[in-house]
Amino acid sequence: MLQLVLAAPRSGSGKTTAACALLAAMQARGLAPCAFKSGPDYIDPMFHRAVLDVESHNLDLFFSKPETVRELYARHAADHGAAVVEGAMGYYDGLGGVTDTASAWHLADTLNLPALLVVRPKGASLTLAAELRGLMAFRTPHHIAGILLNDCKESLYKMLRPMLEKETGLPVVGCLPPLPEAAIESRHLGLKTAAEIDDLQHKIQLLSDAAQQTIDWPLLHTLFDRPAPAAVPCTVPPPRVRLAVARDAAFCFTYAETLEALRENGAELCFFSPLTDVGLPENSGGLYLPGGYPELYAAQLAANAPMRRAIKNAVESGLPTVAECGGFLYLGQTLEDANGTPHPMAGVLPGQGVKVGRLMRFGYATLTARTDSMLFAAGEHIPAHEFHHWDSTANGDALTAAKANGRQWACGFANAHIYAGFPHLYWAGAPLPQRFVCAAEHYIKERP
């Protein structure tokens, strides 16, 4: 089974483009590949799903214990012929930017997988070899098994390949040529989502065709074939309670593992759209409002007054509710759009969502609960992640967030029936799904 971590010396090397090219070419070659993403990113897995039409999963060593990560990888890779784990940032860049914890290298080391480095060679030649040798010497074992040159013309590839192999001892498995017509647009949280790119399948086909022609597939198999992981049994019980889960263009940031964990704890997930539906799914015992881009759809969300009223009434009546980042903004009083114009939201929480124009409190943090609530026990520590360019005038104070560098701040609203705040939570391997489902069951039993 082909298995590899696709990493790079730095951000901007084209890892997601290379991942899409490899996955599409593997699929065309009948390998039935699957995909994973190192770290907390929501958007890159959307592109994996667009290529494969199967779920992509996040593997995060800040959110999860190593045994949880290994189990998730084995469970979702076992029945496939290839697995590509896309890294994040630079190969060794981990927690706080100053450690290798939760880096792509840490994941390769935890899973004992070889790494294929995506290198964009513009502006350097022999110096690339020096950088690569530095990467190889930085940690033992380094796990780097090969190089893929990205955005590299054939003439440059023919010059660089023998030199890099001689100077580093690493085989070069091929190149991806410059393909401006396959470029994927970006915006304030990174790449646009896969659903927003009309010609995405055409771009994927271009990438697949290029990878088929310019990658040395026999060499790739020689370097990255590994025994397939043993399948991990997973039992999903009959559902005991319905959870309403927002899913549309405005609310699209959900971890597949979180939804799976909810199902494994007895939840039936009923997806709905705050943009277009007029009410919550019937007989819902809980409400999950994930993150996304509500700021880009603020006017449309505001125009759907029946849904705003339905959610306000349900939450205020005690419906167990989780609202992360964009979902948290939706529960506020108003939300500014990309032009700075405020629009009315659900009005459950006191804050107003405002455009800031820069990343706020970006990165991993550990939450500490100040009191008991639906999801948290007093004093409990919960890993989380923030990534947003909007802020709220009222962020809550139910939890204390702390970064690895010692910075702390108050955040979140939490009581017996709600968690709402900017921090994104990760539910796999945690007690959160069981607690949420139990709260939803209790609500259904106790409601008038």
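Which residue in strand 4 is the bridge partner of L4? The partner is V84. This is a predicted model. Seven strands form one open sheet with parallel pairing. A second open sheet has four strands and mixed pairing. The structure also holds three cavities of 30 Å³ or more.

**Seven-stranded sheet**

- The strand order is 3-2-4-1-5-6-7.
- Strand 3 (57–59) and strand 7 (172–176) stand at the edges. Each has a single partner strand, so one side of each is left without a neighbour in the sheet.
- From one strand to the next, the twist averages 30 degrees.
- Strand 1 (residues 2–7) pairs with strand 4 (residues 82–86) in the parallel sense, over five bridges. The L4 and V84 bridge belongs to these two strands.
- Strand 6 (residues 144–150) and strand 7 are also parallel partners, with four bridges. L148 has G174 of strand 7 as its bridge partner.
- Strand 7 is an edge strand, yet five of its five residues are buried. It is therefore largely enclosed by the rest of the structure.

**Helices across the sheet**

- Helix 3 (residues 66–77) lies across strand 1, strand 2 (33–38), strand 3 and strand 4. It runs at about 160 degrees to strand 2.
- Helix 4 (residues 104–111) lies across strand 1, strand 2, strand 3 and strand 4. Its angle of about 160 degrees is to strand 1.

**Four-stranded sheet**

- The order here is 15-14-16-19.
- Strand 15 (342–344) and strand 19 (390–392) are the edge strands. Each has a single partner strand, so one side of each lacks a neighbour in the sheet.
- The twist averages 25 degrees from one strand to the next.
- Strand 14 (residues 334–336) and strand 16 (residues 352–355) pair in the parallel sense over two bridges. In strand 16, Q352 is the bridge partner of T334.

**Second largest cavity**

- Rolling a probe the size of a water molecule over the atoms shows where empty space is left.
- The second largest cavity has a volume of about 40 Å³.
- Its lining includes T334 and Q352, the bridge partners named above.
- F328, L329, G332, L349, G351, G353, S392 and A394 are also among the lining residues.
- Helix 12 (326–330) and strand 16 each supply at least two lining residues.
- By class, the lining has four nonpolar, six polar and no charged residues.

**Second largest pocket**

- About 330 Å³ of space lies in the second largest pocket.
- It is lined by 21 residues, and those closest to its centre are M46, R49, A195, R247 and C252.
- Helix 2 (43–52), strand 10 (241–246) and helix 9 (256–264) each supply at least two residues of this lining. Helix 2 gives the most, with three.
- The pocket lining divides into 14 nonpolar, two polar and five charged residues.

**Backbone geometry**

- Most residues other than glycine have a negative phi, and most peptide bonds are trans.
- The peptide bond from T140 to P141 is cis, with omega near -5 degrees. P141 sits in the loop between helix 5 (126–138) and strand 6.
- D151 has a positive phi, near 55 degrees. D151 is in the loop between strand 6 and helix 6 (154–168). Its relative accessibility is 17%, so D151 counts as buried, the cut-off being under 20%.
- C325 has a positive phi near 55 degrees. C325 is in the loop between strand 13 (321–324) and helix 12. C325 counts as buried, at 5% relative accessibility.

**Two helix residues**

- Is S208 of helix 7 (residues 200–214) buried or exposed? S208 is buried, because its relative accessible area is 5% and the cut-off is under 20%.
- Beyond its neighbours within four places in sequence, S208 is in contact with A21, A24, A25 and A28.
- P306 lies in helix 11 (residues 305–316). With a relative accessible area of 33%, P306 is partly exposed.
- P306 and T276 are 30 residues apart in sequence. Their C-alpha atoms are 10.0 Å apart in space.

Definitions and conventions: Residues are numbered from 1 along each chain as its sequence is written. This is a predicted model: local features need pLDDT of at least 70, side-chain atom pairs count only at pLDDT 80 or more; totals for chains, interfaces and linings use all residues. Side-chain values use heavy atoms; hydrogens and water are left out. On a 1 Å grid over the protein atoms alone, a cavity is a set of points where a 1.4 Å probe fits but cannot get out, and a pocket is an open set with protein on both sides within 12 Å along at least five of seven lines; lining residues have an atom within 4 Å of a point. Grid points are joined across faces, edges and corners, and a volume is the space filled by probe spheres set on the points. Ala, Val, Leu, Ile, Met, Phe, Trp, Tyr, Cys and Pro count as nonpolar, Asp, Glu, Lys and Arg as charged, and the others, Gly among them, as polar. Two strands pair if DSSP finds at least two bridges between them. Axes are lines fitted to C-alpha atoms, for helices over the stretch in contact, and angles run from 0 to 180 degrees between N-to-C directions. Contact means heavy atoms within 4.5 Å. Buried means under 20% relative accessible area, exposed over 50%, partly exposed in between (1.4 Å probe, protein chains only).
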